[in-house]
Amino acid sequence: MTDFQSVHGAAPTGVWAAPGRVNLIGEHTDYNDGFVLPIALPHAARAAVRLRTDGLLRLWSEQGDGQVTELEVEGLAPGSVEGWAKYPAGVVWALREAGHPVGGADLWFDSDVPGGAGLSSSAALECVVATAYRDLYDLPLSNADLAQLAQFAENAFVGVPCGVMDQMASMCCSEGNALVLDTRDLTQRQVPLDLAAHGLWLLVIDTRVKHDLADGAYAELRAGCEKAAALLGLPALRDLAPEGLAGALERLPEELAPLVAHVVTEDARVEQAVALLDAGEFAALGPVLTAGHASLRDDYRVSCPETDLAVSAAVEAGALGARMTGGGFGGSVIALVREGLLTEVEAAVRAAFAAAGYAEPRTFTAVPSAGARRLS
Ligand code: GLA
């Protein structure tokens with residue numbers, strides 16, 4: 001490990017952390033003004049930071065290529081930065097676009113959020129920088145404000161038309177809780193999720209199929225949803241109630257109907273899941289997760305053979321429920337598993353992957369962890 005001092009020649013002013021996330025349910029609902037239910041992972045991006053007065057951003061990552069990336073803050077523009085550095089640079093650009101008079105800094109990053117695994121490693125990088133800058137410049141910005149700025153950086157600087165879930169999860173989740181978030185007005189509520197007290201575990205299965213949200217498929221789905229809402233005369237698909245779904249589907253072109261079916265039923269599943277969490281009926285969450293996966297696989301069509309296999313192998317081995325989490329096209333699956341079956345479920349997924357000739361999945365258990373924060 002190379003520390004801040006040896007890269008940048010002096011001690012940092014402070015160290016910050018921002019986590020990755022898994023979403024329990026509510027997938028592809030955030031850009032439809034709908035509901036999501038993420039938890040923060042124990043895995044996080046950490047940043048040691050010291051401000052500079054010469055307008056330079058000097059970025060180093062333990063996961064990078066061993067070089068310092070040097071950028072001029074004044075010269076930052078959408079499309080001007082390549083690779084991982086575009087996420088931190090984008091946040092500095094977004095803060096300045098929003099009128100905050102921020103400048104350069106020396107930054108050192110280390111992240112254990114697996115990249116390209118649908119676990120929001122990029123949102124973690126964005127949010128750790130946003131939090132450090134807020135603290136160092138004493139900016140009058142809430143965690144939700146920072147999440148929106150980080151989303152703006154990803155949309156306008158990086159060029160990925162993502163919703164606000166990942167950044168809100170990284171900024172606003174808290175230890176021991178799931179975050180119930182209305183993505184229309186950012187109303188949020190923390191709901192206790194002590195799975196271990198109920199003899200349950202949330203198993204994360206990273207299929208190691210790299211997803212890449214910038215590849216156009218995500219943008220196409222988002223545009224399809226927006227077109228469907230416009231055809232239905234609605235501000236967003238969130239405004240279509242489940243009772244109106246059947247009638248709406250008849251009025252939509254064939255290629256848009258399944259997208260709408262997913263979004264409307266998924267919003268209802270979030271509501272169902274929140275009611276179960278409020279009632280402490282954690283095990284009953286299982287079938288809701290599995291139904292969510294079927295909808296993503298059959299209607300939204302963002303699963304892939306590896307995520308489908310991880311879900312079916314986990315459920316067949318006794319998981320209470322399982323689904324892909326995140327944008328899809330690869331990435332990770334979550335499974336809700338009774339304590340006594342954890343080893344068995346993991347082994348079954350590994351065996352199924354080996355039999356199918358897929359790469360060995362990475363598995364770990366996740367408990368709801370802290371959101372973005374200053375460490376020292
Ligand atoms: C990605 C995006 C989020 C959200 C999910 C799908 O993670 O960044 O905004 O749309 O996909 O739920």
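Where in the chain does S369 lie? S369 sits in the loop between β12 (362-365) and β13 (373-374). Strands here are DSSP runs of E with at least two residues, helices are runs of H or I with at least four residues, and both are numbered from the N terminus.

## Before we dig in

This is a predicted model, where local features need pLDDT of at least 70, side-chain atom pairs count only at pLDDT 80 or more, and totals for chains, interfaces and linings use all residues. Residues are numbered from 1 along each chain as its sequence is written, and side-chain values use heavy atoms, with hydrogens and water left out.

## A closer look at S369

Is S369 buried or exposed? With a relative accessibility of 10%, S369 counts as buried. The cut-offs go like this: buried means under 20% relative accessible area, exposed means over 50%, and partly exposed is in between, using a 1.4 Å probe and protein chains only.

What does S369 touch? Leaving out residues up to four places away in sequence, S369 touches A40, L41, P42, C173, S174 and E175. Contact here means heavy atoms within 4.5 Å. There is also a link to V367: its backbone oxygen lies 2.8 Å from a polar atom of the S369 side chain.

## Two domains

The domain assignment splits the protein chain into domain 1 (4-191) and domain 2 (194-366). Those bounds come from an automatic or database domain assignment. Measure from C-alpha centre to C-alpha centre, and domain 1 and domain 2 are 25 Å apart.

How many residues of domain 1 are in contact with domain 2? The count is 38 residues of domain 1, in contact with 47 residues of domain 2. Between them the two domains bury about 3,300 Å², and carbon and sulfur atoms give 63% of that. Buried area is the accessible area (1.4 Å probe) that two parts lose on being put together, summed over both. On the domain 1 side, I25, H28 and Y31 lose the most area to domain 2, together 20% of what that side buries.

## What holds hands across the boundary

Between domain 1 and domain 2 you can count 4 salt bridges. A salt bridge is a side-chain nitrogen of Lys or Arg within 4 Å of a carboxyl oxygen of Asp or Glu. Elsewhere on the list of salt bridges is the pair D239 and R184, whose closest N and O atoms are 2.7 Å apart.

There are also 21 residue pairs in polar contact between domain 1 and domain 2, both residues being at pLDDT 80 or more. A polar contact is a pair of N or O atoms within 3.5 Å; within protein, one must be able to donate a hydrogen and the other to accept it, and residues adjacent in sequence count only if both atoms are side-chain atoms. Which strands build the domain 1 side that touches domain 2? β1 (14-23), β2 (35-36), β3 (38-51), β7 (177-182) and β8 (188-192) each supply at least two residues. The largest share, 4 residues, comes from β3.

## Salt bridges through the chain

By the same rule, the count comes to 19 salt bridges. In one of them, R50 and D106 meet with N and O 2.6 Å apart. R50 lies in strand β3 and D106 in strand β6 (residues 105-111), so this pair ties together parts that are 56 residues apart in sequence. R50 is partly exposed at 22% relative accessibility, whereas D106 is buried at 0%.

Another salt bridge joins E266 and R323, with the closest N and O atoms 3.9 Å apart. E266 is in helix α8 (residues 257-278) and R323 in strand β10 (residues 321-325), so 57 residues separate these distant parts of the chain. E266 is buried, with 0% relative accessible area, and R323 also counts as buried at 0%. Both belong to a network of salt bridges that links E27, E266, R269 and R323.

## One last stop: A314

A314 lies in helix α10 (residues 305-316) and is buried, with a relative accessible area of 0%. Apart from neighbours within four places in sequence, A314 is in contact with A319, A322, A335, V345 and V349. In space, A314 and I205 are 9.7 Å apart, C-alpha to C-alpha, and in sequence they are 109 residues apart.
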